[in-house]
Amino acid sequence: HIGFGIHINSDPTAVDKEIEGLNEKYVLKFSHVVAENTPKGIAASMFAELVREKTDGWVDVQVFPNGILYEAQEEFDALMKNEVQMIAPAFSEITVHDSKWKVMDLPFVFDSEEKVMEAFDGKIGELLFESIEKQGYKGMAYWDNSFKQITNNTRPIIEPDDVDGMSFRVMPSEVLMDTYRTLGARPRVYSFNEVYEILSDGIVDGTENTLSNIYSKGFHQKQKYMTISNHNYLGYAVLMNDKYWSTLPVEHQENINQAMKEVTRWLRLYAKTHNAEMLDRIDASGLTTIHYLSVEEKELWREQLDPVYQKYAGTIGEEIMNEVYLNMK
Ligand code: LMR
């Protein structure tokens, strides 16, 4: 063996399996930063269970949630060093490593889940994986969470000008930072598992996230106002280290791919239902006043944020931007 990866030789009698490399136990550490009871958390556990079943326990996927091993940006390095074998970062985190992914952070670029799915399944999804694979990642799947909503503790946010002067925690994405700056707000980068504390301490006025992340981490307990803006889709790319992947026996690769396919299909329906349920729970908590942006209000936001499109279209590249404009129709 080329000595890459973690193997425990535990069945020396299985000669046939030895020939195929199947008598070694493979441990795949899967790191993610969110809570277990979220779309990504549940999908990761389900994936681990399915892989265990399909490989009779020879591939052991161990899930580490809540950023207990690494924060989102540290995960990329850990994956490349083979300290973990799987990660599922949000698109905004990937923009730090690959500029083309900035497309996913353009404000109001997708106006429905259906449009997002078309992007995942179509040319945009293909081009983004092609791009990141040049850096040694293997793109396994696109995983759903949902659209992001804006929360804050200062005043109801209805028109774009309402955010003027406020500070917001964002993920480390230049596009997100420019989105807030364009509206006169101050973006501040903090990792996900710092958010509850900075909201509690009033270090920032607000933040943006999916309803599942807001509810599972209790952000709504610290935020008086929430705007259902659906301004960005928060999705994930499940990534492996391509070098590590190629050390896995083909039979395991097939089982892993099959498990990934099944979980991804299930997650598409589940993520939407889960986030809708979390909206009901946040509403029922009575802690946060909710405003739903109307179509006209959204149009106003989209217009004011046009400079962000102008700034990043070139970096993202014509090929992907053309697909974006097609997808918008
Ligand atoms: C965040 O950092 O706000 C989220 O993207 C975390 C996640 O992975 O959903």
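Okay everyone, which residues have the most contacts inside the largest nonpolar core? Keep in mind that we're looking at a predicted model here. The answer is Phe47 and Val238, and the core they sit in has 82 residues. If you're wondering who gives the most to this core, that's helix α11, residues 250-285, with eight residues. And for the first-years, here's the general background: in soluble globular proteins, nonpolar side chains tend to be buried together.

Let's stay with Phe47 for a second. Leaving aside residues up to four places away in sequence, Phe47 touches Val61, Ala259, Met260 and Val263.

Now, Met260 turns up again if we hop over to Met140, which lies in strand β5. Is Met140 buried or exposed? It has 20 C-beta neighbours inside 10 Å, and 20 or more is what it takes, so Met140 counts as buried. With the same sequence neighbours left out, up to four places away, Met140 touches Val238, Leu239, Met240 and Met260. So there's Val238 from the core again, one of the two with the most contacts inside it.

Next up, helix α5, residues 113-121. The buried residues of this helix are Val116, Ala119 and Phe120. Look down the axis of α5 and you'll see those buried residues fall within an arc of 100 degrees, so they line one face of the helix. The general idea is that an α-helix has 3.6 residues a turn, so residues three or four places apart point the same way. On the face of α5 turned away from the buried side you get the exposed residues Glu114 and Asp121. And what covers the buried residues? That includes α6, β5, β11 and α14, so β5, where Met140 lies, is part of that cover.

Moving on to strand β6, residues 149-152. Both faces of this one are covered: Gln149 and Thr151 are buried on one side, and Ile150 and Asn152 are buried on the other. As for partners, β6 runs antiparallel to β9, residues 206-209, with four bridges joining them. In that pairing, Ile150 stands opposite Glu208. Then β6 also runs antiparallel to β10, residues 225-228, and here three bridges do the joining. On that side, Asn152 stands opposite Tyr225.

There's a ligand too. What surrounds it? The residues are Val33, Val34, Ala72, Ala90, Asn145, Met171, Phe192, Asn209, Asn213 and Leu234. Sort that shell by type and you get seven nonpolar, three polar and no charged.

Last topic, a couple of backbone oddities. In general, most residues other than glycine have a negative phi. Well, Asn82 has a phi near 65 degrees, which is positive, and Asn82 isn't a glycine. You'll find Asn82 in the loop between α3 and β4. With 15 C-beta neighbours inside 10 Å, Asn82 counts as partly exposed. Phe108 is another one: not a glycine, but with a positive phi of about 60 degrees. Phe108 is in the loop between α4 and α5, which takes us back to the helix we talked about. How exposed is Phe108? Phe108 has 19 C-beta neighbours inside 10 Å, so it counts as partly exposed; buried would take 20 or more.

That's my tour, thanks for listening!

How values were computed
Residues numbered from 1 in each chain as written. Predicted model: local features only at pLDDT ≥ 70, side-chain atom pairs only at ≥ 80, totals over all residues. Buried ≥ 20, exposed ≤ 12 C-beta atoms within 10 Å, placed from the backbone. Helix = DSSP H or I, 4+ residues; strand = E, 2+ residues; numbered from the N terminus. Arc of directions from axis to C-beta. Contact = placed C-beta atoms within 7 Å. Near = placed C-beta within 6 Å. Nonpolar A, V, L, I, M, F, W, Y, C, P; charged D, E, K, R; others polar. Core = buried A, V, L, I, M, F, W, Y, C linked by C-beta atoms within 7 Å. Pairing = 2+ DSSP bridges.
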